Amino acid sequence: MRALQIDNLTVNGNVTGYADNAVIISALGEAGGTAIKKLSIKGNVEFAEILAGYNVSASATNQRGGGVNPDASIGNVAIDGNVKGLNI
């Protein structure tokens with residue numbers, strides 16, 4: 001999932017990617033602002049990246065997109081299950 005901003009995102013289940021193809025939850029955010037305000041995952045997380053400050057342009061060779069907002073931040077992240085291979 002890629003967005004300009006995420007105010008409140010709840011995943012009612014697991015977030016499952018692969019070691020060579022992680023799930024990406026990403027928001028650009030405004031300058032000096034919070035890109036992801038609240039993220040709740042009601043299950044396990046395997047091989048995922050939660051990113052702030054990245055644009056929505058991704059490609060096969062650059063799955064994250066471009067890091068363009070170094071001041072963007074991430075608010076609350078809550079995970080109810082187990083975590084493996086997570087990058088925040």
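This passage walks through the salt bridges, the nonpolar core and the strand pairing around S6 in a predicted model.

Two salt bridges are found in the structure. In one of them, the side chains of Asp-7 and Lys-37 come together with an N to O distance of 3.6 Å. Asp-7 sits in the loop between strand S1 (2-3) and strand S2 (9-11), whereas Lys-37 belongs to strand S5 (residues 34-41), so that this contact links distant parts of the chain, 30 residues apart. Asp-7 is partly exposed, at a relative accessible area of 48%, and Lys-37 is likewise partly exposed, at 41%.

The side chains of Glu-49 and Arg-64 form a salt bridge as well, with 2.6 Å from N to O. Because Glu-49 lies in strand S6 (residues 45-52) and Arg-64 in the loop between S6 and strand S7 (73-79), the pair ties together parts that are 15 residues apart in sequence. Here the surroundings of the partners can be set side by side: Glu-49 counts as buried, with 12% relative accessibility, while Arg-64 is partly exposed, with a relative accessible area of 34%. In general, side chains of opposite charge can pair when their charged atoms come close.

Attention now turns to the nonpolar interior. The largest nonpolar core has 16 residues, and those touching the most other members are Ile-6, Leu-9, Val-15, Ile-25, Ile-36, Leu-39 and Ile-41. At least two residues of this core come from each of S2, strand S4 (23-27), S5 and S6. Ile-25 offers a helpful view of the packing: leaving aside neighbours within four places in sequence, its contacts are Met-1, Ile-6, Leu-9, Ile-36, Leu-39, Glu-49, Ile-50 and Leu-51. Glu-49, the buried partner in the salt bridge with Arg-64, is thus among the residues that Ile-25 contacts.

Strand S6 deserves a closer look. Of its 8 residues, 6 are buried, which leaves the strand mostly covered. S6 pairs in the parallel sense with strand S3 (residues 15-16) over 2 bridges, and in this region Val-15, one of the core residues listed above, stands opposite Val-45 of S6. S4 and S6 also run parallel, joined by 5 bridges; Ala-27 has Ala-52 in S6 as its bridge partner. Strand S8 (residues 83-87) is a further parallel partner of S6, with 4 bridges between them. Within this pairing, Glu-49 has Asn-87 in S8 as its bridge partner. Glu-49 therefore combines a salt bridge to Arg-64, a buried position and a bridge partner in S8.

Methods
Residues numbered from 1 in each chain as written. Predicted model: local features only at pLDDT ≥ 70, side-chain atom pairs only at ≥ 80, totals over all residues. Heavy atoms only, no water. Salt bridge = Lys/Arg side-chain N within 4 Å of Asp/Glu carboxyl O. Buried < 20%, exposed > 50% of the residue type's maximum accessible area, 1.4 Å probe, protein only. Core = buried A, V, L, I, M, F, W, Y, C linked by side-chain atoms within 4.5 Å. Contact = heavy atoms within 4.5 Å. Pairing = 2+ DSSP bridges.
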